[in-house]
Amino acid sequence: MCATCGCSDPAGVRVIDPAAEAHGHGHGHGHSHDDGHSHDHAGHDHGHEHGHSHLPAADPKIVQLEQDILAKNDGLAQRNRDWLAGQGILALNLMSSPGSGKTTLLERTVRDLAGELPISVLEGDQETLLDADRIGSTGARVVQINTGAGCHLDAEMVENGLRTLDPAEKSVVFVENVGNLVCPALFDIGESGRVVIMSVTEGADKPLKYPHMFRTADLMLVNKVDLLPYVDFDVARCIDYARRANPNVEVLEISATKGDGMDAWYSWLRERLAAVAQLDEVR
């Protein structure tokens, strides 16, 4: 359940191993959240009588439920983070609007770094195996997490996904979150870092409109720069807006389709993985 928007479909969450499905041995397993609460919107009367300006008082039980859900998620996220750190795994939470090029970025990254960095992927979507099939075609290990009505991944979904994925030690795990610039930013999944992908086909003011997403990011990738001659997008302004939300965010300009700037992205990955591996050795 999302404590922010109220989306709730615990029975609809499924962790799917496409490789096992292809051999006829896999099943999509629903992992329900055991907080014991659900919301039936159909049973509520949302009608309002005209002529009244009274706003409903805040329900302390709802506030407590939201706090309980977030606290439980944070605890599971820390467990994920500890396990990943113990394995020397760099886990990156990739977040963006739909259509920004996350999957294309992953496809090119996996292919270009094949044989150098061991990479596996958790794919988050409400439905289908479409993106998981695209990643699987590169040869990378991939597990699909379908969230049903859910608008984001949470720590429990990722924990179940990691159990199925079984990533190698000292490897990179990409978590492609559900396309959404709101709720994914609010849920810690135990990642090592957060990467926000902006496309030049979007508005340059997105960092102002969705500040929390950019406030929590370690890196912003400005993607599809090969289209700049054909769109009205001010890169400098977008970067300025992002740094108003987060002065420390790193920024790289890339084209996952054409390859522009990808070497800088790969260098960033190598440095982050080396830092995680070094911390693991210290442990």
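The side chains of Arg108 and Asp112 form a salt bridge, with N and O 3.4 Å apart. The two residues sit four positions apart in helix α3 (residues 102-112), about one turn of the helix. Arg108 is partly exposed at 27% relative accessibility, and Asp112 is partly exposed at 41%. These values come from a predicted model.

In total, the structure holds 16 salt bridges. Among them is a pairing of Asp17 with Arg141, at 2.9 Å from N to O. Asp17 belongs to the loop between β1 (14-16) and α1 (18-22), while Arg141 belongs to strand β5 (residues 141-146), so this salt bridge ties together parts that are 124 residues apart in sequence. Asp17 is buried, at 16% relative accessibility, because the cut-off for buried is under 20%. Its partner Arg141 is partly exposed, at 31%.

Helix α5 (residues 155-165) contains both Arg163 and Glu159, four residues apart and therefore separated by about one helical turn. Their closest N and O atoms are 4.0 Å apart, and the two form a salt bridge. Arg163 is exposed, with a relative accessible area of 56%, whereas Glu159 is buried, with 15%.

The three pairs are listed here with their N to O distances.

| Salt bridge | N to O distance |
|---|---|
| Asp17 and Arg141 | 2.9 Å |
| Arg108 and Asp112 | 3.4 Å |
| Arg163 and Glu159 | 4.0 Å |

Salt bridges also link Arg81, Asp188, Glu191 and Arg194 in a network.

Methods. Residues numbered from 1 in each chain as written. Predicted model: local features only at pLDDT ≥ 70, side-chain atom pairs only at ≥ 80, totals over all residues. Heavy atoms only, no water. Buried < 20%, exposed > 50% of the residue type's maximum accessible area, 1.4 Å probe, protein only.
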